[in-house]
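Trainee: Please go through this structure with me, term by term. I should like to understand how each description is justified.

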Amino acid sequence: MIRRALWAIPVMLGVSLLVFSIMKLVPGDAAEAMVGIEGSAEEIEAMRESLGLDEPVYVQYGRFVKRLVLLDLGDSTTSRQPVTDEIRSRIRPTVELAIVAFLLASLVGIVTGVVAATHQNSIWDALATIYAVLGVSMPIYWFGLMLMLLFSVKLGWLPATGSGSFKQLILPAIALGSASTAIISRQTRSSMLEVLRQDYIRTARAKGLAERLVIYRHALRNAMIPTVTVAGLQVGFLLGGSVLTETVFARPGIGSLLVQSINTRDVPVIQGTIMMLAVLFVVINLIVDLLYVKLDPRISYK
Amino acid sequence: MSRSPASVDRATSPGEASKEELSVAKVDTVLDSGELSQPTTFASRIRSSNFLRQFRRSRHAVVSLFVLLLFFIAAIGAPVLAPHDPIQFDLINSLAPMSLDHPLGTDELGRDMLSRMLYGSRITFLITFGAVLIALVVGTALGTVAGYRGGITDTLIMRFVDILLAMPMFLLAVVIIAALGPGVNNVILAVGVGSVPDFARVARGSTMSVKQEDYVLAAQATGVNDRRIISRHILPNVLPPLLVQSTLRLATAILTASGLSFLGLGPQPPTAEWGAMLSAGRNFMTSSPQLLIIPGVAILLVTVAFNLVGDGLRDALDPRMRR
């Protein structure tokens, strides 16, 4: 278990190397961006020296990692504010969105999956199957816009943009969570179907247990294990999708900060937001893995 | 068996990947990547007419294939089929409703929507197929070499793949575009690189099981060199699961690529591309919602079709996966 946790360190180092080297490919370096287009060659050179860009690449990478560890992500080239401050003020809308979308997808996915499995070949099962295909095939940004068109523009029930209130969270969470809902529902259905065929379910029924107890106490608990795996895999999708969802709903989160910084070529902010999202991803994956051991005592990380 | 850890720590223990992926194969999520099984049965199934019969049995897949064909014809025939120039402004007729002259109406600059949709499909398909082709070639190369060689080569390659997997795919694509700049070629590259890990894992898993087959052992015993064994004996047998993977990946690729375009990171105006058209239509959401609905429905249709064809292929190639 400790080994599993320690493994996150080389992964993070790898990700930082990846981000660092990709960012090295950006045409024009940070010094030019800081000085601006009117800067003279001498000014750029001076800035380059003060930023340490004249040193060998591996020294620069070493310094990059050291600063990451110390949570110093540099200053934004547009706002001149420390990147950590910018991220701190933006993190809430993103985390809220990801969590609510995840809970929504898990809840709706598991319930619909169980219903589809216990009523196999019924109209509910057919509807769940159709949703499973549509859910994973719908562009989230398009679904978001359609929700906005219906519930904000036409019906006026929910606000279209912004963040802060719960009402502003509903539409983005539905849009972001729709694909994960479909995947979790599908997974729950198929593992429920498999579990329901097992001998211990027949035994439970044979000894006269109420059907509800059989399904929720005996079947669902065992069927949940693969579902947790699949749900855990959705985290990456939700974090990546937050970039699109936040852009559609004008939520001031990390995702929209990333898009904004790409448009202004603000390299420190791009690096910072990407690293932030990657760290979130690795940490959540770690939590899911550890949760797994709790859920299924047969598994251990040795 | 489906209750084994499957791919919980897909980013962590490459050494167990093949075992894990076998159990993932039982997991029937639509986007699931781990379809693998005995590759020999795949290969023989493709050759037998049984395969075609099985595929035809899936009505969804056949209908989807037909839908895709229509879209391909539209893309190829765009210059002939399009009633107008896709980038010619006509400001007097901007945001026009559907009419005989403009079957799908016009956009905010008076450009004919039907023509833009037709030309846009070319860019969309170019990006989608280009990206999956890159991922297929690079991922297969990495995966077969890792699986065949084993040892340190395997470890190095799979650790690299793990690092790619440690980043959400869409984010990885965004970072690559951030570095290289927007444009069609860079989107192809970004989406392609993001899909490499899945192909590498499927190819590696299949290779490791094919490697144990008698005909490979026989070839090794008679002194055939590795390159020839990989190209003549391994590749033909790992290809079928990779083709299933490719079809399902086309669906993901079109969503990712149009998402990048939507963010303004794809083809730049005035180029017609579905995701970019959607993005531009946002500003006219209340007055002309059709600017949003038309490209969105097109993306949805094509994605559903790719997914259903992929499912049909998988079911036809591996009867154990059938629901």
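Trainee: H4(B) passes H13(B) in a left-handed crossing. What makes a crossing left-handed?

Mentor: The near helix must be turned anticlockwise from the far one by less than a right angle, a clockwise turn being right-handed. The crossing of H4(B) and H13(B) is assigned to the left-handed class. Note that this is a predicted model, in which local features need pLDDT of at least 70 and side-chain atom pairs count only at pLDDT 80 or more, while totals for chains, interfaces and linings use all residues. Residues are numbered from 1 along each chain as its sequence is written, and chains are lettered from A and ligands numbered from 1 in the order in which they are written.

Trainee: Why are H4(B) and H13(B) called oblique to each other?

Mentor: The axes of H4 (residues 59-76) and H13 (residues 290-317) of chain B cross at roughly 135° and come within 8 Å. Axes are lines fitted to C-alpha atoms, for helices over the stretch in contact, with angles from 0 to 180 degrees between N-to-C directions. Angles under 35 degrees are roughly parallel, those over 145 roughly antiparallel, those from 65 to 115 roughly perpendicular, and the rest oblique. The value for H4(B) and H13(B) falls in none of the named ranges, and the pair is therefore oblique.

Trainee: Which residues of H4(B) and H13(B) meet?

Mentor: His60(B), Ala61(B), Ser64(B), Leu65(B), Val67(B), Leu68(B) and Phe71(B) of H4(B) meet Leu301(B), Val302(B), Ala305(B), Leu308(B), Val309(B), Asp311(B) and Gly312(B) of H13(B). By class, this contact has ten nonpolar, three polar and one charged residue. A contact requires C-beta atoms, placed from the backbone, within 7 Å. Ala, Val, Leu, Ile, Met, Phe, Trp, Tyr, Cys and Pro count as nonpolar, Asp, Glu, Lys and Arg as charged, and the others, Gly among them, as polar.

Trainee: What makes H7(A) and H13(B) oblique to each other?

Mentor: Their axes come within 9 Å and cross at roughly 120°. That angle again lies outside the named ranges, and H7(A) and H13(B) are therefore oblique. The crossing of H7(A) and H13(B) is right-handed. Val133(A), Leu134(A), Val136(A) and Ser137(A) of H7(A) meet Leu300(B), Thr303(B), Val304(B), Asn307(B) and Leu308(B) of H13(B). This contact divides into six nonpolar, three polar and no charged residues.

Trainee: How do you know whether Ile299(B) is buried or exposed?

Mentor: One counts the other C-beta atoms, placed from the backbone, within 10 Å: 20 or more is buried, 12 or fewer is exposed, and in between is partly exposed. Ile299(B) has 24 and is therefore buried. Ile299(B) is found in helix H13 of chain B. Beyond its neighbours within four places in sequence, Ile299(B) is in contact with Pro139(A), Trp142(A), Ile254(B), Ser258(B) and Trp274(B).

Trainee: Why is Ile99(A) called partly exposed?

Mentor: Ile99(A) has 13 C-beta neighbours inside 10 Å, a count that lies between the two cut-offs, so Ile99(A) is partly exposed. Ile99(A) belongs to helix H6 (residues 83-118) of chain A.

Trainee: What makes H9(A) mostly covered?

Mentor: Of its 30 residues, 25 are buried. Helix H9 (residues 167-196) of chain A also bends by about 45° at Gly177(A). The bend is the angle between axes fitted to the seven residues ending at a residue and the seven starting there.

Trainee: How many helices and strands does chain A have, and how many has chain B?

Mentor: Chain A has 13 helices and zero strands. Chain B likewise comes to 13 helices and zero strands. Both kinds of element are DSSP runs numbered from the N terminus, helices being H or I with at least four residues and strands E with at least two. Of the 302 residues of chain A, 43% are buried, while for the 323 residues of chain B the figure is 54%.

Trainee: How many residues of each chain are in contact with the other chain?

Mentor: 57 residues of chain A are in contact with 48 residues of chain B. H11(A) supplies the largest share of the chain A side, 14 residues. That side has 40 nonpolar, 13 polar and four charged residues.

How values were computed. Two residues are in contact if their C-beta atoms, placed from the backbone, lie within 7 Å.
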